Amino acid sequence: MAPPPSPQPRQTRPRAAIAVTGLGVVSPAGHTAEDFWHTVLTARPTATALTDPQLARHKVRLGCRVTDLPDHDLVPAKDARRLDPFAHYAALAALAAHTDAGRPEPAPGRSAIVVGNAVGGRTTSDRESLLYAGHGPLRVSPLMPLVTMPNAAAAQIAMRLAWTGPALTIATTCASGADAIGHGALLLESGRADVVIAGGCEATLTPVTLAAFGNLGAHSQRNDAPERACRPFDTDRDGFVMGEGAGFLVLERAADARARGRTPYALLAGYGSSADAYHLSNPRPDGAGAVAAMRAALADADLTPADIAHVNAHGTATVHNDRAEAAALATVFGPHGVPVTSTKGAIGHLIGAAGAVELIAAIQAMNTRLVPPTANHENTEEGLDLDVVHTAPRPVRAGAALSNSFGFGGHNSTLVVTPL
């Protein structure tokens with residue numbers, strides 16, 4: 001089967017510059033963008049042992065949890081109790097990004113919300129399934145369909161902001177958050193919206209999900225040393241570590257941001273997407289789909305590989321994905337051609353939220369010119385032509401940043417941000 005060709009960028013009319021004016025994070029590494037960045041920059045792993053009694057016989061008993069989430073006026077505790085965690089995290093992160101952006105209020109119908117999410121309300125779904133199995137149909141909550149639907153996060157954000165424009169949900173598994181941001185930029189470029197909140201959310205640290213990934217062999221089983229479990233691109237890696245959380249950005253046209261006196265964090269310059277059309281779980285070994293997404297994003301941004309100062313890799317710490325991404329990066333940038341980091345070593349794999357949270361890390365690294373080290377990385381696997389940043393943060397030159405997200409089903413998404 002032939003690899004996919006590199007998509008061609010849209011060049012039909014002058015494009016407006018898209019600014020990132022707000023950031024919001026809920027993560028195992030902290031619940032503000034600043035706390036998150038500090039943890040990632042110090043490469044402090046957040047994986048811990050999971051003590052749920054239901055996991056006693058599981059192959060996987062570790063993960064990167066959201067902990068110490070404070071009661072917050074953005075989503076009062078009485079409301080949070082009626083939400084699945086994935087929607088709760090999304091609402092907190094999205095509203096924090098909106099506040100960080102100076103609470104922009106577009107005209108009615110000129111807003112947009114785009115949420116990336118892979119599976120919806122897994123926590124509630126698992127709980128209600130157990131109630132059904134143990135106690136029968138009358139114990140199942142009538143709210144279950146409303147709480148678990150994947151679009152519940154987008155609906156919550158829209159209702160809390162009273163925004164009546166599109167409120168969309170994108171599901172491309174682990175590329176969902178990145179695709180949501182890319183599609184948010186497309187809405188602004190096409191003139192269909194004036195302000196967009198876009199990002200991703202996930203909460204899948206449940207017994208059934210962990211059992212499935214453990215049986216699939218994709219998840220690390222270092223239950224006795226969870227803090228050392230996620231090892232992107234490392235010789236001693238044995239799978240990803242699942243995390244949870246949310247990351248959201250406020251996007252608007254740069255001219256509009258300047259008009260209301262906001263200084264953006266970055267410009268969202270390029271977006272590329274492709275499908276491997278190859279396998280449900282494994283990427284193309286040569287990384288051809290990832291190459292297509294990266295080249296499309298660079299062309300969309302009107303940049304060359306030489307313009308990229310660092311890459312925030314998908315870097316899951318699974319054997320097949322790390323090898324395929326390494327091959328793709330070497331194809332695009334040349335062997336050891338650009339500093340590469342994976343934040344998953346510190347925060348785990350946030351599934352549908354990963355692309356959004358990792359883009360925030362890429363923006364912070366670009367603005368500080370410090371690339372965070374890849375936590376737990378000690379020795380790059382032989383044959384991977386990568387310059388993996390590890391041990392300590394690395395100063396880099398001024399330049400653009402590229403962030404990769406790849407998902408089960410062969411979904412590839414790349415975002416490029418540039419400094420102001």
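A pocket here is an open set of points, on a 1 Å grid over the protein atoms alone, with protein on both sides within 12 Å along at least five of seven lines, while a cavity is a set of points where a 1.4 Å probe fits but cannot get out. Lining residues are those with an atom within 4 Å of a point. Grid points are joined across faces, edges and corners, and a volume is the space filled by probe spheres set on the points.

The model you are looking at is predicted: local features need pLDDT of at least 70, side-chain atom pairs count only at pLDDT 80 or more, and totals for chains, interfaces and linings use all residues. Residues are numbered from 1 along each chain as its sequence is written, and side-chain values use heavy atoms, with hydrogens and water left out.

Two conventions help with what follows. Helices (H or I, at least four residues) and strands (E, at least two) are DSSP runs, numbered from the N terminus. Ala, Val, Leu, Ile, Met, Phe, Trp, Tyr, Cys and Pro count as nonpolar, Asp, Glu, Lys and Arg as charged, and the others, Gly among them, as polar.

**Open pockets**

Let us start with the open spaces. The largest pocket holds about 440 Å³ of space. Its lining has 35 residues, and S281, P283, T318, N321 and F408 are the ones nearest the centre. Two or more lining residues come from each of helix 8 (207–216), helix 10 (288–300), helix 11, strand 14 (400–407) and strand 15 (411–418). Helix 11 contributes the most, with 5 residues.

The second largest pocket has about 350 Å³. Of its 18 lining residues, D52, T123, D126, T206 and P207 lie nearest the centre. Helix 3 (85–100), helix 4 (122–135) and helix 8 each supply at least two residues of this lining, and helix 4 gives the most, with 5 residues.

**Enclosed cavities**

A search of the whole structure turns up 2 cavities of 30 Å³ or more. The largest cavity, with a volume of about 50 Å³, is lined by 10 residues, with R15, A185, E189, Y271 and D300 nearest its centre. Helix 7 (176–189) and strand 8 (266–275) are the elements that give two or more residues to this lining, and strand 8 gives the most, with 4 residues.

The second largest cavity has a volume of about 40 Å³. Its lining residues include L329, A330, F333, D385 and D387. Helix 11 (residues 319–333) provides the largest share of that lining, 3 residues.

Here is how the linings divide by class:

| Space | Nonpolar | Polar | Charged |
|---|---|---|---|
| Largest pocket | 14 residues | 17 residues | 4 residues |
| Second largest pocket | 9 residues | 4 residues | 5 residues |
| Largest cavity | 5 residues | 1 residue | 4 residues |
| Second largest cavity | 6 residues | 3 residues | 2 residues |

**A look at helix 7**

Helix 7 also deserves a visit. The helix has 14 residues and reaches 20 Å from its first C-alpha to its last, close to the 20 Å expected at 1.5 Å a residue, where the expected span is 1.5 Å times one less than the number of residues. Of those 14 residues, 12 are buried, so helix 7 is largely enclosed by the rest of the structure. Buried means under 20% relative accessible area (1.4 Å probe, protein chains only). Among the buried residues of helix 7 are S176, D179, A185 and E189. After the helix comes G191, with a positive phi near 80°.

Note on methods. Buried < 20%, exposed > 50% of the residue type's maximum accessible area, 1.4 Å probe, protein only.
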